[in-house]
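Trainee: Could we go through some of the labels used for this model together? I would like to see the reasoning behind each one.

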Amino acid sequence: MLYVLAIRGAFLMFGPTEFAACAPGLLASLVIVASVAWYVGWPANRGWVPLASVALAVVLPYNVSFRTVPGATFFATGFLAAGSVAVLSERSRTQLLGAALLALGFAAHEASFYYIALLCLSQLVIRGRAAWRPVLACVAFSGLLVAIESASYAALTGDPWLRFRIAMGESQNQHGLY
């Protein structure tokens, strides 16, 4: 739903064009580059490692190849990259912002749940008790977004799980896998 809203906003701003359809993904691409630049301290730190990190983020094959293809996956990667970088920060507020961005990545594309779960699990294993706060915040933010989305679908259609049923391929005459 988040991606659909982003496309709708781009269509309202630029009209129904190919550029407008790709604008959310292109913006996500810029967010990826900006989050990597922030994490490595570029351009303030002009060593070869920060420069190589930003250059790699700019020409990342996944990023370059599919940014002009409209899709929730490519939109979600911006939230996931920025959220990952922020969660790895040492500052508590930045970690909470990262948890919120990871939750938005989950809301944009539910399959990113696996990435977020692996990131949170690895943080718990590597950082121990220091990782509990951002991990629990990520779970809470994600649950809140699912509740908001379900409540909006319940108010509009009477079925709070309609969006997830549609995502599973269920139709009026064919039930899902649950």
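Mentor: Gladly! Buried means under 20% relative accessible area, exposed means over 50%, and partly exposed is in between. Keep in mind that this is a predicted model.

Trainee: Then why is Ser-142 called buried?

Mentor: Its relative accessibility is 13%, and the cut-off for buried is under 20%, so Ser-142 counts as buried. Ser-142 lies in helix H8, residues 132-157, and it touches Ala-103 and Phe-106, leaving aside residues up to four places away in sequence.

Trainee: What makes Leu-56 exposed?

Mentor: Leu-56, in helix H3, has a relative accessible area of 52%. Exposed begins over 50%, so the label fits Leu-56.

Trainee: And what makes Leu-60 partly exposed?

Mentor: Leu-60 sits in the loop between H3 and helix H4. Its value is 33%, which falls between the 20% and 50% limits, so Leu-60 is partly exposed. Together with Val-58 and Val-59, Leu-56 and Leu-60 form a nonpolar surface patch with about 330 Å² of accessible area.

Trainee: How many aromatic pairs are there?

Mentor: The count is 3, for ring centres within 6.5 Å. In Phe-14 and Phe-19, the centres are 5.1 Å apart and the planes stand at 80 degrees. Edge-to-face requires over 60 degrees, so this pair is edge-to-face.

Trainee: Why is the pair of Phe-113 and Tyr-114 called edge-to-face?

Mentor: Their planes are at 75 degrees, with centres 5.5 Å apart. That angle too is over 60, so the name applies. Ring pairs also link Phe-106, Phe-113 and Tyr-114 into a cluster.

How values were computed. Residues are numbered from 1 along each chain as its sequence is written. This is a predicted model: local features need pLDDT of at least 70, side-chain atom pairs count only at pLDDT 80 or more; totals for chains, interfaces and linings use all residues. Side-chain values use heavy atoms; hydrogens and water are left out. Patches are made of residues with over 30% relative accessible area and no salt bridge: like charges are joined within 9 Å, nonpolar side chains (Val, Leu, Ile, Met, Phe, Trp, Tyr) within 5 Å. Accessible areas come from the Shrake-Rupley method with a 1.4 Å probe; for residues, only the protein chains shown count as cover. A salt bridge is a side-chain nitrogen of Lys or Arg within 4 Å of a carboxyl oxygen of Asp or Glu. Helices (H or I, at least four residues) and strands (E, at least two) are DSSP runs, numbered from the N terminus. Buried means under 20% relative accessible area, exposed over 50%, partly exposed in between (1.4 Å probe, protein chains only). Contact means heavy atoms within 4.5 Å. Rings of Phe, Tyr and Trp (its six-membered ring) pair if their centres lie within 6.5 Å; planes under 30 degrees apart count as stacked, over 60 as edge-to-face and the rest as tilted.
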